[in-house]
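Please work through the exercises below with the sequence and the model open beside you, and try each task before you read its solution.

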Amino acid sequence: MIFTAISHLQTPAELYSIDKESVCVRIKTAKNDVLQVTIIHGDPYVWDQDIWQSSETFMSLIGSDDLHDYWTVTLQLPHYRLRYGFILTSTDESVVYTERGFYQEKPKHVSPYFCLPYLHENEIFSPPSWVKDTVWYQIFPERFSNGDSTINPDNVLPWGSEKPKVDSFFGGDLQGVINHLDYLSGLGINGIYFTPIFKAFSNHKYDTIDYMQIDPQFGDEQTLKKLVQECHKRGIRVMLDAVFNHSGYYFKPFQDVLKYGEDSRYRDWFHPHSYPLDPHAQKPNYETFAFVGMMPKLNTANPEVKEYLLQVARYWIETFDIDGWRLDVANEVDHEFWRDFRRTVKETKEDVYILGEIWHQSTPWLAGDQFDAVMNYPLTDAIQDFILRGETAGSFKQTITRHLFSYPHPVNQVQFNLLDSHDTARVLTESNGNKNQVMLQYLMLFSFPGSPCIYYGDEIGMAW
């Protein structure tokens, strides 16, 4: 038996609550090494004549990758407590694995075993129940539909007159979305994710000027209220996008620091290294998103900044009854801010979906105290590596197994699954115009646990 490959960690991926009386336990062993895994389990306070009373239950082999086999079992906890270990059996030996290592026989005392001291109901990971049944449609508002030409920006181009550029405007707005809600309902869409709609300088709006104002080129408060109401009438949820990692260049507090430097009352809202600030340097002398001087990084540990941003989170839920927050560059914001953000949001509206933009393995954010899910780009890569880049079916299976095992099942059920977005090339472009390959990728996406998303226009084969 390959002892070094045997692993169980009491992380959310390998020990997690399913409900207030049951938990799932997982363990991994070397691939094709262990024939059977049995879990030893019991209440730590049940004894008979100085011997801990335990039960034994077979675990199920749920998948394999190139290195490991993955085993799982669900246990009922009538008293909300658990001590447990594992009996691992190969062709030539059997050992007991506990928190303190390996034994040839089951320890009679409870101390060496893994421990779940108490299953607290308020610590159970509980994403909104509606998400796992949601099909999202991502809309980049400036490019979806021009429904109100009276609010067009001055430099607007005729709709569809040329290929979009990084600085071009076509006049898409919220009224344009309202005009097409029946079309979206007909597609089976029951969730819309909007990229930012707050006042900003660019066409993408990820450089916020005012977090409390709708960008005038998209509409006003009444238009957004009507949009959300019309969506809700059709059973469509609405998720907005917020950028709390950084602001835009024209955000008033940043402009104040540019003007007054070290004397600005907002200097601690950001991360300056020296004065005066130089936004045009190749590497600005203050923290930014990447090295983009137009996107100064916010100091979310500052109490004033935190309270302002939490007020933003409350405002759009209370005023417009939105159903979700997608959080840009979420992995570069401190965890404590996100814990406070979750408490604020869930107190305002309990079933709001909190989605973080994280492209890598995201366990630190998915323990139930911060996000409900993240954007599942590892799944995107796995599907496209298989369909577009020549990976074998066996390799795809191994990648997916490893990925699924890295999160609790309740997380997998609500992950935001996508093939493309405003941050990537379109799926048709990645597929070199092969629509059959696009449809095959969507078939796989919709077959996978989680909440799938269509990027606007993919359903008609849009290439740009």
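Three exercises follow, each with a worked solution.

This is a predicted model, in which local features need pLDDT of at least 70 and side-chain atom pairs count only at pLDDT 80 or more, while totals for chains, interfaces and linings use all residues. Residues are numbered from 1 along each chain as its sequence is written, and side-chain values use heavy atoms, with hydrogens and water left out.

**Exercise 1. Describe the protein as a whole.**

Begin with the secondary structure: the protein has 12 helices and 24 strands, where helices (H or I, at least four residues) and strands (E, at least two) are DSSP runs, numbered from the N terminus. Next take the extent, for which the C-alpha trace spans about 85 × 60 × 45 Å along its principal axes. Finally, 53% of the 464 residues count as buried, a word that stands for under 20% relative accessible area, with exposed over 50% and partly exposed in between (1.4 Å probe, protein chains only).

**Exercise 2. Determine how helix α8 is oriented towards α9 and towards α12.**

Two packed helices are described by the angle between their axes and the distance between the axes. Axes are lines fitted to C-alpha atoms, for helices over the stretch in contact, and angles run from 0 to 180 degrees between N-to-C directions. Angles under 35 degrees count as roughly parallel, over 145 as roughly antiparallel, 65 to 115 as roughly perpendicular and the rest as oblique.

Step 1: α8 and α9 (residues 393–405) pack at about 170°, with their axes 9 Å apart. The pair is therefore roughly antiparallel.

Step 2: the axes of α8 (residues 377–388) and α12 (residues 435–447) come within 10 Å and cross at roughly 140°. These two helices are therefore oblique to each other.

Step 3: name the residues in contact (heavy atoms within 4.5 Å). On the α12 side of the contact with α8 they are Gln437, Leu440, Gln441, Met444 and Leu445, and on the α8 side they include Leu379 and Ile383.

**Exercise 3. Explain why Cys115 and Cys231 form no disulfide.**

A disulfide is a covalent bond between the sulfur atoms of two cysteines, and here the test is a pair of cysteine sulfur atoms within 2.5 Å. A search of the whole structure finds 0 disulfides.

For Cys115, the closest cysteine sulfur, in Cys24, is 18 Å away, which is too far for a bond; Cys115 is partly exposed at 23% relative accessibility. For Cys231, the closest cysteine sulfur belongs to Cys453 and is 14 Å away, again too far for a bond, and Cys231 is buried, with a relative accessible area of 0%.
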